[in-house]
Amino acid sequence: MVTVLYFASLRERLGCSREQLPLPAATATVSSLVDVLRNRDGGWTEAFAPGKSWRVAVNQQMADLATPVKPGDEVAFFPPVTGG
Amino acid sequence: MARVRVQTEDFDVGRELESLTHGRTDVGGLASFVGLVRTKNDGQDIQGMTLEHYPGMTEKALEDICGQAHSRWDLLDILVIHRVGTLVPGDRIVLVSVASAHRGEAFEACEFIMDYLKTRAPFWKKEETAQGPRWVDARASDEVAAGRWKG
């Protein structure tokens with residue numbers, strides 16, 4: 001299992017801030033996790049459609065589609081940041 | 001060294017700057033930036049805003065940015081304070097202050113930290129406007145500003 005977090009407009013759009021997800025495969029990546037989310041009904045397909053600008057962090061470090069994900073990891077999806 | 005704080009409450013700029021130089025005589029320059037909530041953004045009147053962040057990652061990202069600044073310039077101390085929660089126009093949002101022996105390094109490092117904070121630290125602004133709430137979009141110009149520090 002991994003913990004998946006959603007922030008800001010993505011959290012509102014999906015109506016979810018936090019969930020536990022089983023890993024889709026023994027050797028999973030952010031990309032394979034996104035495939036799982038994209039196959040959900042409702043706004044999920046659209047939110048994670050190719051070309052959508054979201055960011056991802058694995059264990060609180062900025063990551064990308066190729067980043068490996070292992071059991072116990074914390075994966076966070078969010079829009080481009082707007083602090084400062 | 002660097003100190004990073006994420007907090008809902010306001011900060012006293014004078015007191016915070018004093019804390020960087022108090023009791024030391026090696027600081028020759030202290031460069032600081034204070035970011036504020038302004039009334040107008042993208043042509044709309046802003047009544048207030050809520051700042052959301054990613055607790056844990058935010059502090060790590062800010063500490064990482066300060067670490068990069070320390071490795072690029074010869075700095076004596078860095079202080080970064082960023083507020084979260086509900087803010088209104090005129091409120092302070094962020095303070096970045098850099099102490100060094102000479103002004104050039106302090107100025108550059110302060111700008112670098114702000115440019116990286118705006119593009120790499122997980123904060124998100126939601127504005128209250130007369131037309132209702134809206135999430136602020138990231139600006140391409142902020143990425144350009146951060147990109148000039150590469151290489």
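# Report on a two-chain predicted model

With 16 C-beta neighbours inside 10 Å, B:V27 counts as partly exposed, because a residue is called buried if 20 or more other C-beta atoms lie within 10 Å of its own, exposed if 12 or fewer do, and partly exposed in between, with C-beta atoms placed from the backbone. The model is predicted: local features need pLDDT of at least 70 and side-chain atom pairs count only at pLDDT 80 or more, while totals for chains, interfaces and linings use all residues. Residues are numbered from 1 along each chain as its sequence is written, and chains are lettered from A and ligands numbered from 1 in the order in which they are written.

## The surroundings of B:V27

B:V27 is located in the loop between α1 (13-21) and β2 of chain B. These element names follow DSSP runs numbered from the N terminus: helices are H or I runs of at least four residues, and strands are E runs of at least two. Beyond its neighbours within four places in sequence, B:V27 is in contact with B:T21, B:L76 and B:A99; contact means that the C-beta atoms of two residues, placed from the backbone, lie within 7 Å. Although B:V27 and B:N41 are 14 residues apart in sequence, their C-alpha atoms are 37 Å apart in space.

## The sheet and helices of chain B

Chain B has an open sheet of four strands in the order β1-β5-β7-β2, with mixed pairing. Two strands pair if DSSP finds at least two bridges between them. The edge strands of this sheet are β1 and β2 of chain B, each of which pairs on one side only, and the twist averages 5° from one strand to the next.

Strands β5(B) and β7(B) run antiparallel and are joined by seven bridges. Within this pair, B:H82 has B:V94 in β7(B) as its bridge partner. Helix α1(B) packs on the sheet, where it touches β2, β5 and β7 of chain B, and its direction makes about 20° with that of β7(B). Such angles run from 0 to 180 degrees between N-to-C directions, and the axes are lines fitted to C-alpha atoms, for helices over the stretch in contact. Helix α3(B) also lies across β2, β5 and β7 of chain B, running at about 25° to β2(B).

The lengths of two helices can be checked against an expected span, which is 1.5 Å times one less than the number of residues.

| Helix | Residues in helix | Expected span | Distance between end C-alpha atoms |
|---|---|---|---|
| α2(B) | 16 residues | 22 Å | 23 Å |
| α3(B) | 18 residues | 26 Å | 25 Å |

The value for α2(B) agrees with its expected span, and the value for α3(B) agrees as well.

Among the buried residues of α3(B) are B:F112, B:I113, B:M114 and B:L117. The elements that cover the buried residues of α3(B) include β2 (29-36), α2 (57-72), β5 (75-83), β7 (92-100) and α4 (140-147) of chain B. In α2(B), the buried residues include B:M57, B:A61, B:L62 and B:I65. Their cover includes an element from the other chain, β4 (55-58) of chain A, together with β1, β4, β5, α3 and β8 of chain B.

## Chain A

Chain A has three helices and seven strands, arranged from the N terminus as β-α-β-β-α-α-β-β-β-β. For its 84 residues, a compact globule would have a radius of gyration near 12 Å, and chain A agrees with 12 Å. This radius is taken over C-alpha atoms, and the globule rule is 2.2 Å times the number of residues to the power 0.38. Buried residues make up 26% of chain A.

An open sheet of five strands in chain A follows the order β2-β1-β7-β4-β5, with mixed pairing. Its edge strands are β2 (18-21) and β5 (61-63) of chain A, and its twist averages 30° from one strand to the next. Strand β1 (residues 2-6) of chain A runs parallel to β7(A), with four bridges between them; A:L5 has A:A76 as its bridge partner in β7(A). Four bridges also join β1(A) to β2(A), but these two run antiparallel. Here A:V4 stands opposite A:E19 in β2(A).

## Where the chains meet

The contact between the chains takes 14 residues from chain A and 21 residues from chain B. On the side of chain A, the elements that give two or more residues are α1 (8-14) and β7 (74-78). By class, that side has nine nonpolar, five polar and no charged residues. In this scheme Ala, Val, Leu, Ile, Met, Phe, Trp, Tyr, Cys and Pro count as nonpolar, Asp, Glu, Lys and Arg as charged, and the others, Gly among them, as polar.
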